[in-house]
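Me: I have just opened this one and don't know my way around yet. Could you walk me through it?

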Amino acid sequence: MGVLAGLEPKVFFDRFEEISAIPRGSYHEEAISNHLKAFAEERGCTVFQDEYYNLLIKVPASKGYENAAPVLFHGHMDMVLDKEPGVEKDMLKEGVDLYIDGDYIKAKGTTLGADNGVGVAFMMCIIDDKTLPHPPIECCISVQEEVGKKGGTVFDPSNVTGKRLMDFNWHKPDTIFAGCAGDISAYFRIPVTENAPAEDAVFYELAIAGGLGGHSEFDINLERVNALQAFGRILNKIALEMEVSLTDITAGVNRYVIPGSMEAVLAVSKKDAQKAEEIVAAVAAELKNEYKIADPDIAVTFAPAEEKASVFTYEETKKIAKALRLLPCGVQSMSLEIEGLVESSNTLAMMDTEDGKVWILMTIPSAVTSRRYNILQKVYDLAEILGASVDTFADCPEWPYRPDSKLLATAKKAFYDLYGYEAGVEVSHSSLELGLFCKKIPGLECISLGPKAYDVHTPKERLDWTTVQMVWDHIKEILKDMTE
Ligand SMILES: [Zn+2]
């Protein structure tokens, strides 16, 4: 008996549990891709698998729908691997450990992978169900979505015939997702050197913990602490008062996660140690006050650390502090077309040292291409001032909202027929692969549907299982209505 046995719709939860047992972190999709390929082939589908393990699965139309226009389904098979501190699990080798907590499905100490295991499970349900009325279906299940939308970027659309696409990377069952931002990621690299610490150096570990973090595109409006930005603020304040040398920084999880915690080691002269402690305590109190509503558990610690063999120079340390201070971070513009919608933002997501450079990784989403590039230009401008360098990747176009879309109308009608009230229509600040598909397949219309899921990309990720039935019924109703 599976952990999810007894939940409805059973067909869905059987498949969700099946794929949850297969480790499927980004770049490690071979096993899940082969599993899905075999699953579809056993059920008479034609499967195309590319060298990256992207899949395109063609499901023949059901009886009476042979002449209907095909519909393209989309979801991604990879998931963010993250776990709570102290959790031993090797997520590359083991699937997640599901459990039910009231209305929620969670994974013990790790990300759940509802993002986007939900989409994969829905497609498996449709592939498996021989009784469902539907037009010809083409399931595109991509890889490496969470790490730069690589799968979508390399996906070859030449075998796709559908001009209407349903995606399952949305999180609200009573709304239809109908447009999203594009985004671009950038590395900001500051050259650093290895230097022997001063003779009288004392070392501290500066740690920020307890921040809520969250998804950089869904949660950016919540004004939570970005630990990298907070760290830059503290480091800069120290550097204004005394010579300080940084070493050993690592922060962040992935380019779509707002870092809620981080640690670094720094050295100050023994004579300045007391003063440094006072500065950190003062800024910590400021942060605590400023974020008392958005991020009440934020905590800064400054504890003696073991001596390190090498440190960056004071000048280099100052540059790192200035970069973290001045790189755009958080909401940059709001949409005036759709109330409450963030139009542009930037998140400093990760930081590390590699090949003589400290790098800061950021992701800039915007619904407007020129605004995305304008924020990026500020990053280049600061790099010029600081003697840093910038390189970008994963430039993904936006998926423009089309209020007059026929597919959207079909989905709205199906929802009304089922539930007797209008579905909401939402446009989001998150960037989905659908922007790439819109660019690759001219004239493509898209919508995205999905059950409630929370805190995706974090070990707190949870799926409200009670909302899955509603989405499943909606999908089936839309397919039934697609007679032409
Ligand atoms: Zn995701």
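**A first look**

Me: What should I know before I start reading residue numbers?

Reply: This is a predicted model, in which local features need pLDDT of at least 70 and side-chain atom pairs count only at pLDDT 80 or more, while totals for chains, interfaces and linings use all residues. Residues are numbered from 1 along each chain as its sequence is written, and side-chain values use heavy atoms, with hydrogens and water left out.

Me: Ok, which residues coordinate the zinc ion?

Reply: The zinc ion is coordinated by D115 through OD, by E146 through OE, listed twice, and by H457 through NE2, at 1.9 to 2.6 Å. Donors here are N, O and S atoms within 2.8 Å of the metal (3.2 Å for Na, K and Ca), and because water is not among the atoms, sites may look incomplete.

Me: And why is the arrangement of the donor atoms called irregular?

Reply: The 4 donor atoms subtend angles of 55 to 140 degrees around the zinc ion, which makes the arrangement irregular. Four donors count as tetrahedral if all angles lie between 85 and 135 degrees; four count as square planar and six as octahedral if opposite donors are over 155 degrees apart and all others between 65 and 115, and anything else is irregular.

Me: Where do D115 and H457 lie?

Reply: D115 lies in helix α3 (residues 114-128) and H457 in the loop between β19 (453-454) and β20 (462-464), so this pair ties together parts that are 342 residues apart in sequence. Helices (H or I, at least four residues) and strands (E, at least two) are DSSP runs, numbered from the N terminus. Along the chain, the donors follow the spacing D-x30-E-x310-H.

Me: Does D115 count as buried or exposed?

Reply: D115 counts as buried, at 7% relative accessibility, and H457 counts as buried too, at 4%. Buried means under 20% relative accessible area, exposed means over 50%, and partly exposed is in between (1.4 Å probe, protein chains only).

Me: Changing topic, which domains does the protein have?

Reply: The domain assignment gives domain 1 (10-173 + 399-481) and domain 2 (184-396), with bounds that come from an automatic or database domain assignment. Taken over C-alpha atoms, the centres of domain 1 and domain 2 are separated by 34 Å. The contact (heavy atoms within 4.5 Å) takes 18 residues from domain 1 and 20 residues from domain 2.

Me: How much area do domain 1 and domain 2 bury between them?

Reply: Domain 1 and domain 2 bury about 1,600 Å² between them, with 64% of it on carbon and sulfur atoms. Buried area is the accessible area (1.4 Å probe) that two parts lose on being put together, summed over both.

Me: How many salt bridges does the rule find across that interface?

Reply: The rule finds 0 salt bridges across the interface of domain 1 and domain 2, where a salt bridge is a side-chain nitrogen of Lys or Arg within 4 Å of a carboxyl oxygen of Asp or Glu.

Me: Last thing, what about the backbone: which residues does a cis peptide bond join?

Reply: A cis peptide bond joins D115 and N116, with omega about 5 degrees, and another cis peptide bond joins E8 and P9, with omega about 0 degrees. Most residues other than glycine have a negative phi, and most peptide bonds are trans. Phi of D355 is near 50 degrees, a positive value in a residue other than glycine; D355 lies in the loop between β14 (342-354) and β15 (357-366) and counts as exposed, at 73% relative accessibility.
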